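I opened a fresh page for this one and kept my notes short. Have a look at the structure first, then follow along with me.

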Amino acid sequence: MAAAEPLSPAEAEALVRALRGTELRDAGGKGWLRQHECVEKLNMHAILSASAGQEQLLIELLVTHAKIPVLIGELISAEVWKHKVFPVLCRLEDFHPRSTFPIYVVLHHEASIINLLETVFFHKEICESAEDSILDLIDYCHRKLTLLAARSASGQAVTQASTPNCAYPPPQELQKQAEMMEFEISLKALSVLRFITDQVGSLPLSALTRMLNTHNLPCLLVELVEHCPWSCHEAGKFKKFENGTWYVVPPEDQMKMTKLDGQVWLALLNLLLSPECQHKYHFDGFNKSQLLKLRAFLTDVLLDQLPNLVEMQRFLSHLAVTEPAPPKKDLVLEQVPVIWDHILKKNTGKWEAIAKHQVKHAFSPTEEELKLQARRWAQTYSLDMLEALAPDKPRCRVCGVEAAKRCSRCRNEWYCTRACQVQHWQKHRTACNLLAQASGTAGTL
């Protein structure tokens with residue numbers, strides 16, 4: 001089996017050039033699906049290129065062709081669709097789709113874009129090329145992290161095991177999938193925000209004001225440290241979420257810092273210790289009391305894993321015994337984000353009409369149209385490509401443990417035992433049939 005390789009320079013440039021903004025009403029349509037395929041291919045190319053240290057060409061293409069603002073616009077449009085149109089679709093009494101896969105693709109579009117942005121935003125030139133849309137991306141990340149912190153603080157941990165094993169009606173099953181997807185998207189948004197904070201020295205003043213004063217991101221990050229949404233206790237076991245799955249943490253590794261823990265601490269370092277932010281942030285009584293909570297978490301074990309936090313420890317010790325001067329209130333005309341408000345203004349009052357239009361033109365495909373689309377996805381997601389993108393050994397789709405068995409029909413899902421495969425069959429059946437037909441395979445469970 002040949003190893004998956006990144007796209008050629010010509011293919012990558014063609015895909016980048018093809019990126020366009022789309023209308024909310026067109027989500028799920030043929031033109032929109034072509035855009036989604038471009039994003040998916042670029043997303044997979046970015047991951048493969050980054051793992052090989054060869055991502056510079058893609059970075060240059062995205063900057064040269066000014067596509068980062070386009071991707072941010074599409075990201076927020078997908079977010080609006082999920083919050084405004086998708087609930088209406090689920091409530092339509094006369095909508096009984098042959099397959100929910102076309103709707104799932106639209107739900108997944110947001111995840112694809114944020115994953116691509118997470119891969120490329122590590123580079124300073126990408127952050128700078130976002131221009132004014134960086135404000136919209138900061139607001140997007142704030143919305144995701146606020147929801148993440150609120151759910152964790154109220155004990156609403158999202159785990160794969162939280163979904164009952166029974167087969168749900170299609171709308172409810174999609175809502176369960178959307179909930180899990182929202183959790184993973186929020187974690188990607190955390191990484192993107194951390195990469196933005198890496199560039200505080202070159203961000204426009206409006207972006208700093210947005211992060212520090214409008215949204216008070218330092219205090220929001222403190223909440224994430226306190227409640228740690230990517231860890232939970234379940235059935236007497238301590239679990240952490242990493243690389244797309246929950247896993248049981250052995251006792252000797254429970255104090256080990258995960259990538260997500262590191263992203264929060266690095267973002268806090270950037271926002272609290274940089275001179276630009278210290279001059280802008282208001283260390284009033286509330287903010288000071290919240291930040292000082294971090295001292296309890298700065299243990300020797302943590303400092304050994306991330307030595308830079310020694311500077312944070314010194315800063316907090318100094319903050320505890322001083323009263324920093326309030327920031328100067330200069331009269332400055334500041335930019336504001338516009339993408340979210342523009343989409344809402346253009347479509348408010350039309351959500352049901354948009355949903356019904358999409359039911360008719362995008363989400364009620366014929367059997368032949370489903371097979372054709374399945375063939376296109378089979379070409380996009382080759383097994384070689386999927387295995388190359390996997391960060392770790394495959395895990396069971398049902399219980400999350402390491403898996404050695406694969407569905408013999410579609411070869412797309414992994415299981416640890418036949419019992420788990422049988423348990424998952426009711427949910428997997430439709431996608432399995434489509435993928436098996438697309439690839440020309442046959443067989444039984």
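**Entry 1: a ring to begin with**

Is Phe 183 buried or exposed? I looked it up, and Phe 183 counts as buried, at 4% relative accessibility. My yardstick is this: buried means under 20% relative accessible area, exposed means over 50%, and partly exposed is in between, with a 1.4 Å probe and protein chains only.

A note on what I am reading: this is a predicted model, in which local features need pLDDT of at least 70 and side-chain atom pairs count only at pLDDT 80 or more, while totals for chains, interfaces and linings use all residues. Residues are numbered from 1 along each chain as its sequence is written, and side-chain values use heavy atoms, with hydrogens and water left out.

**Entry 2: the whole chain**

I noted 20 helices and 5 strands in the chain. These are DSSP runs numbered from the N terminus: helices are H or I with at least four residues, strands are E with at least two. Of the 445 residues, 48% are buried.

I also checked the contacts, meaning heavy atoms within 4.5 Å. Among contacts with a separation of 6 or more, 75% come from residues 24 or more positions apart. The chain exposes about 21,700 Å², and carbon and sulfur atoms supply 53% of that. The areas come from the Shrake-Rupley method with a 1.4 Å probe; for residues, only the protein chains shown count as cover.

**Entry 3: rings**

Back to the aromatics, where I found 8 pairs in the structure. Rings of Phe, Tyr and Trp (its six-membered ring) pair if their centres lie within 6.5 Å; planes under 30 degrees apart are stacked, over 60 edge-to-face, and the rest tilted. Phe 183 and Trp 246 make a stacked pair, because their ring centres are 5.8 Å apart and their planes are at 15 degrees. Phe 183 belongs to helix α8 (residues 170-197) and Trp 246 to strand β3 (residues 245-248), so the pair ties together parts 63 residues apart in sequence. Trp 246 is buried too, with a relative accessible area of 5%.

I wrote down a cluster as well: ring pairs link Trp 81, Phe 86 and Phe 363. Then I met a charge over a ring: the charged end of Arg 143 sits over the ring of Trp 340, 4.2 Å from its centre. For that, NZ of Lys or CZ of Arg must be within 6 Å of the ring centre and within 35 degrees of the ring normal.

**Entry 4: salt bridges**

How many salt bridges are there? I get a count of 18, with a salt bridge being a side-chain nitrogen of Lys or Arg within 4 Å of a carboxyl oxygen of Asp or Glu.

Lys 144 kept me busy. Its side chain meets that of Glu 79 in a salt bridge, at 3.9 Å from N to O. Glu 79 lies in helix α4 and Lys 144 in helix α7 (residues 133-153), so this pair ties together parts 65 residues apart in sequence. Lys 144 also forms a salt bridge with Glu 182, with the closest N and O atoms 2.9 Å apart. That pair links helix α7 to helix α8, where Glu 182 lies, 38 residues apart. Glu 79 and Lys 144 are both buried, and Glu 182 is buried as well. I then traced a network of salt bridges that links Glu 79, Lys 82, Glu 110, Arg 143, Lys 144 and Glu 182.

One more: Glu 413 bridges to Arg 397, the closest N and O atoms being 3.6 Å apart. Glu 413 counts as buried at 16% relative accessibility, whereas Arg 397 counts as partly exposed at 39%.

**Entry 5: a hairpin and positive phi**

Which way do β1 and β2 run? They run antiparallel, joined by 4 bridges; strands pair if DSSP finds at least two bridges between them. Cys 232 has Lys 239 in β2 as its bridge partner. The two strands, β1 and β2, form a hairpin with 2 residues between them.

Most residues other than glycine have a negative phi. Ala 235, in the turn, has a positive phi of about 55 degrees, and Ala 235 is exposed, with a relative accessible area of 78%. Cys 228 also has a positive phi, near 40 degrees. Cys 228 is in the loop between α10 (217-227) and β1 (231-234), and at 14% relative accessibility Cys 228 counts as buried.
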